[in-house]
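Here is a short briefing for a reader who has not met this structure before. Please look at the fold and then at the ligand.

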Amino acid sequence: MQPKHPKESRTILTDLVLPSETNPLNNLFGGELLARMDRAASIAARRHSRRIVVTASVNHVAFKKMIPLGSVVTVEANLSRAFKSSMEVVIDVWVEDRESGLRSKANDAIYTFVAVDDSGNPVPVPPIEPESADEKERFDAALRRKQLSLVLAGKMKPSEATELKALFED
Ligand SMILES: CC(C)(COP(=O)(O)OP(=O)(O)OC[C@H]1O[C@@H](n2cnc3c(N)ncnc32)[C@H](O)[C@@H]1OP(=O)(O)O)[C@@H](O)C(=O)NCCC(=O)NCCS
């Protein structure tokens, strides 16, 4: 399969925070943000693979900053790496200042999706060809994160996680 660049599947969703989406402190409810990130990331994975995709794991979520009612929130999803049937998607969340229009980073997360056929069986996806230095760094680190996710899910023995072990051997 022909490799694809991350920009070919990049997905950007911008939306407001409405009252029904907030917690008692009038900030965006965490579950709503998870759903928005899942939506953007699944579109990116679908654009890359042109297949049905399912969320296999949520590997990392950091809620760094509260997002107040009325904020304009942008969720950007970029594929960092594709393996055989799985794809890692890195998500960055930005909040726009009403007066200046400047964006500040509020959250980030890493999700893994698997491309499947109509019966839900995993199918191969095209590889990713990173271009920028940032994309190359994310590409290299993705294998370690995949191994960590599989170890935590009980799908890989820690002794088989060679990339992960190498981190601790220096
Ligand atoms: C995700 C799913 C398709 C994986 O199926 P499976 O039988 O475990 O298939 P495999 O073991 O062949 O794994 C398929 C790929 O998923 C990856 N994978 C599976 N579990 C993973 C996890 N926890 N973290 C990261 N990758 C994972 C495997 O490494 C493999 O990747 P590769 O083909 O790129 O090497 C299956 O578990 C499923 O359908 N889960 C439900 C998905 C869903 O409903 N999501 C919505 C959440 S509410």
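The points below cover the sheet, the helix that lies across it, and the residues around the ligand. The model is predicted: local features need pLDDT of at least 70, side-chain atom pairs count only at pLDDT 80 or more, and totals for chains, interfaces and linings use all residues. Residues are numbered from 1 along each chain as its sequence is written.

**Sheet**
- Five strands (DSSP runs of E, at least two residues, numbered from the N terminus) form an open sheet in the order 1-3-4-5-2, with antiparallel pairing. Two strands pair if DSSP finds at least two bridges between them.
- Strand 1 (11-16) and strand 2 (52-63) are the edge strands, each pairing on one side only.
- On average, neighbouring strands are turned by 25° against each other, direction ignored.
- Eleven antiparallel bridges join strand 4 (residues 86-96) to strand 5 (residues 103-116).
- In strand 5, lysine 105 stands opposite tryptophan 94.

**Helix**
- Helix 2 (residues 133-152) lies across strand 2, strand 3 (72-82), strand 4 and strand 5. Helices are DSSP runs of H or I, at least four residues, and contact means C-beta atoms, placed from the backbone, within 7 Å.
- Helix 2 runs at about 85° to strand 3. Axes are lines fitted to C-alpha atoms, for helices over the stretch in contact, and angles run from 0 to 180 degrees between N-to-C directions.

**Ligand**
- Around the ligand are 18 residues, of which Phe83, Lys84, Ser85, Ser86 and Ser149 come nearest. A residue is near a molecule if its C-beta atom, placed from the backbone, lies within 6 Å of it.
- Strand 2, strand 5 and helix 2 are the elements that give two or more residues to this shell; strand 2 gives the most, with four.
- The shell has eight nonpolar residues, seven polar and three charged. Ala, Val, Leu, Ile, Met, Phe, Trp, Tyr, Cys and Pro count as nonpolar, Asp, Glu, Lys and Arg as charged, and the others, Gly among them, as polar.

Definitions and conventions: Contact = placed C-beta atoms within 7 Å.
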